[in-house]
Structures are given as C-alpha cells and as structure tokens.
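Got your viewer open and a selection tool ready? Let's walk through this one stop by stop, picking residues as we go.

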Amino acid sequence: FFFKQKTAYEMQRGLVGSEMCIRDSGHVIHLVTSTFPQESQTSTEEAVAERDLIERQLVEIRNLYRSLQVNEYRNRRFLFQQNAQSRITKTSFHKVKTVEMMNQNLGQIEEFLTHKVPLEENKEEEKIRGFDTGILNYRLGEWIDVQDSIQQWLEGQITKVTNEKVFIHYNGWGSRWDEWIEKGSPRLASFRTYTIQSPNTPFLSPYPHIETDSEDNEIPSTNTTFEELLVKYLLLQEQVR
C-alpha cells in the first residue's frame, strides 16, 4: 500500500496554510477595500462648500478687524483734535501770559544767536559749543535759573540790573530772600537750563511753574502785541535758516 501525497493543484478546497493564503490573497484584498466607503460626488461638493464658507468667514473677520482699526484711528484723531482745541482755548484766556512768554523766549533766542560760537572754534575744541553762555547779557525782567545758598536751582527773575550785578527775586519766596549776584557768577543760568518744566503749565514753551511775584522791581511794562511778536518770530526764523 502506497500513500500518494496530493499536490497543491490537486487539493483545491482542501488547501491549508500558506498555500491557501496565496490562493485567496486577491479575494482578501478585494474584500478589505470594498469595506471602505468610496468618496462620492456629493461629499466632494460638501467639502468645497465648507471650504468656501470658511474662506468667506475669514474675509469677514479680516474686514471687521480693518474697520476696527480705522475706527480706532479716527477716534484717536478726534480725541487729539479735541485736546488741541482745548489747549488753544485755554491759551486764549491767558493772552497777557502768552505775550510775556513769547517776549521772554524771543529775547533769549536773540541773545543766544548774538553769542554763537564760530564753526572754526568748534573744530579746535574737544566739546562742541553752539553758544557761549558765559558772556550772556542778562536783561531786566528776564526769567532765569538761580542757584540758592544750599545749591538747589530755582526759578527767578531779574528785577534790577547794574553794570556788574543783577538783582534776583526767587519766584514764590518773600522779598527778604532777594539778592544781588555778579553777572558772571556760576549761580546764574539761562531759564530752564537746570530747572524742569512742569507738565501743568498752559504752554509747551518754557514758562515758570511759579508765577513771578516780585514787588520791588524796575521792570518796565511792555506794550508789544501778539501780532508784533509773531512777526518777530517769523523774521527770526528766516535768520536762523
């Protein structure tokens, strides 16, 4: 009795192991792939519609953000205009103070321009000096920085002048503190050289934080108008150019 082993081609449905896998592998792959849903035309249209909706929403958000930026800019500009108008209105109430401020600053600028240091001298020095402040001619009624006896700088005003000295009144202090100081003294300096401008003053140009209150003075009253000072400023501007 002889046993004849069947080959793979003879076993057919009786295939086992790797041979069966080889035979049915094509069917398995087809079965697995057939279980996944195929992308239909409807799902593609929905995806495109959803993408278009997202893009439109992004455009709307971008436009809203830009409009907010524009509105913020307009509000800031309107607020600035209101503040500027308020400052101009407040300044108009102090026309006498405005004229005095312009007169003081105009005189100081003219004095500085009179004592400009030539460019040739600056080339020979290590530190560039625009003006020689050591030979300034202090004027009667001029606002000035003064160093007191404890070496602090205060606002003051020149109330009397001689050939060699100036009589100083400290703003906000009694007349008993008034004193004579030599013109070339290091205790004297141009207004706002050492003192600090208060943010509460009605002007952007240098103006005393404490109002000048000298009683004993030889300061003459000025009849210069605002329009005359404005013309002087324009002429001085041409000179600076």
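Start by selecting Ile 54: it counts as partly exposed because its relative accessibility is 43%. You'll find Ile 54 in helix 3, which covers residues 41-92. Now add Leu 58 and Ile 61 to the selection, and you have a nonpolar surface patch of about 290 Å². Keep in mind as you click around that this is a predicted model.

Zoom out for a moment and color by secondary structure. There are 6 helices and 5 strands in the protein. Trace the elements from the N terminus and you should read α-α-α-α-α-β-β-β-β-β-α. Of the 241 residues, 23% count as buried. The protein exposes about 18900 Å², with carbon and sulfur atoms supplying 56% of that. If you like contact maps, here's one more number: among contacts with a separation of 6 or more, 49% are between residues 24 or more positions apart.

Next, the inside. Nonpolar side chains tend to be buried together in soluble globular proteins. Which residues make up the largest nonpolar core here? Select Val 99, Met 101, Met 102, Leu 106, Leu 113, Trp 143, Phe 191, Phe 203, Tyr 207, Leu 229 and Leu 236, 11 residues in total. Helix 4 (95-114) and helix 6 (226-240) each put in at least two of them. Helix 4 is the top contributor, giving 5 residues.

Stay in that core and center on Trp 143. Leaving out residues up to four places away in sequence, Trp 143 touches Glu 100, Met 101, Gln 104, Gly 156, Gln 157, Phe 191, Pro 206, Tyr 207, Pro 208 and Thr 212. Apart from this core lies another one, of 10 residues, including Tyr 138, Ile 144, Tyr 170 and Ile 181. Before you leave Trp 143, show the rings: ring pairs link Trp 143, Phe 191, Phe 203 and Tyr 207 into a cluster.

More rings next. How many aromatic pairs does the structure hold? The count is 6. For one of them, select Phe 167 and Trp 180: their ring centres are 4.9 Å apart and their planes sit at 50°, so this pair is tilted. Phe 167 is in strand 3 (residues 165-170) and Trp 180 is in strand 4 (residues 179-182), so the pair ties together parts that are 13 residues apart in sequence. Flip on a surface and check each partner: Phe 167 is buried, at 11% relative accessible area, whereas Trp 180 is partly exposed, at 40%.

Now pick Trp 173 and Trp 177. The ring centres of this pair are 5.9 Å apart with planes at 80°, so the pair is edge-to-face. Trp 173 is partly exposed, with a relative accessible area of 41%, and Trp 177 is partly exposed, with a value of 41%.

Last stop: backbone oddities. Most residues other than glycine have a negative phi. Select Gln 151, a non-glycine with a positive phi of about 65°. Gln 151 sits in the loop between strand 1 (143-147) and strand 2 (153-161). Is Gln 151 buried or exposed? Exposed, because its relative accessibility is 63%.

Then jump to Arg 192, also not a glycine, with a positive phi of about 70°. Look for Arg 192 in the loop between strand 5 (188-190) and helix 6. Arg 192 counts as buried, because its relative accessibility is 15%.

Conventions. Residues are numbered from 1 along each chain as its sequence is written. Side-chain values use heavy atoms; hydrogens and water are left out. A nonpolar core is a set of buried Ala, Val, Leu, Ile, Met, Phe, Trp, Tyr and Cys residues joined through side-chain atoms within 4.5 Å. Buried means under 20% relative accessible area, exposed over 50%, partly exposed in between (1.4 Å probe, protein chains only). Helices (H or I, at least four residues) and strands (E, at least two) are DSSP runs, numbered from the N terminus. Contact means heavy atoms within 4.5 Å. Patches are made of residues with over 30% relative accessible area and no salt bridge: like charges are joined within 9 Å, nonpolar side chains (Val, Leu, Ile, Met, Phe, Trp, Tyr) within 5 Å. Accessible areas come from the Shrake-Rupley method with a 1.4 Å probe; for residues, only the protein chains shown count as cover. A salt bridge is a side-chain nitrogen of Lys or Arg within 4 Å of a carboxyl oxygen of Asp or Glu. Rings of Phe, Tyr and Trp (its six-membered ring) pair if their centres lie within 6.5 Å; planes under 30 degrees apart count as stacked, over 60 as edge-to-face and the rest as tilted.
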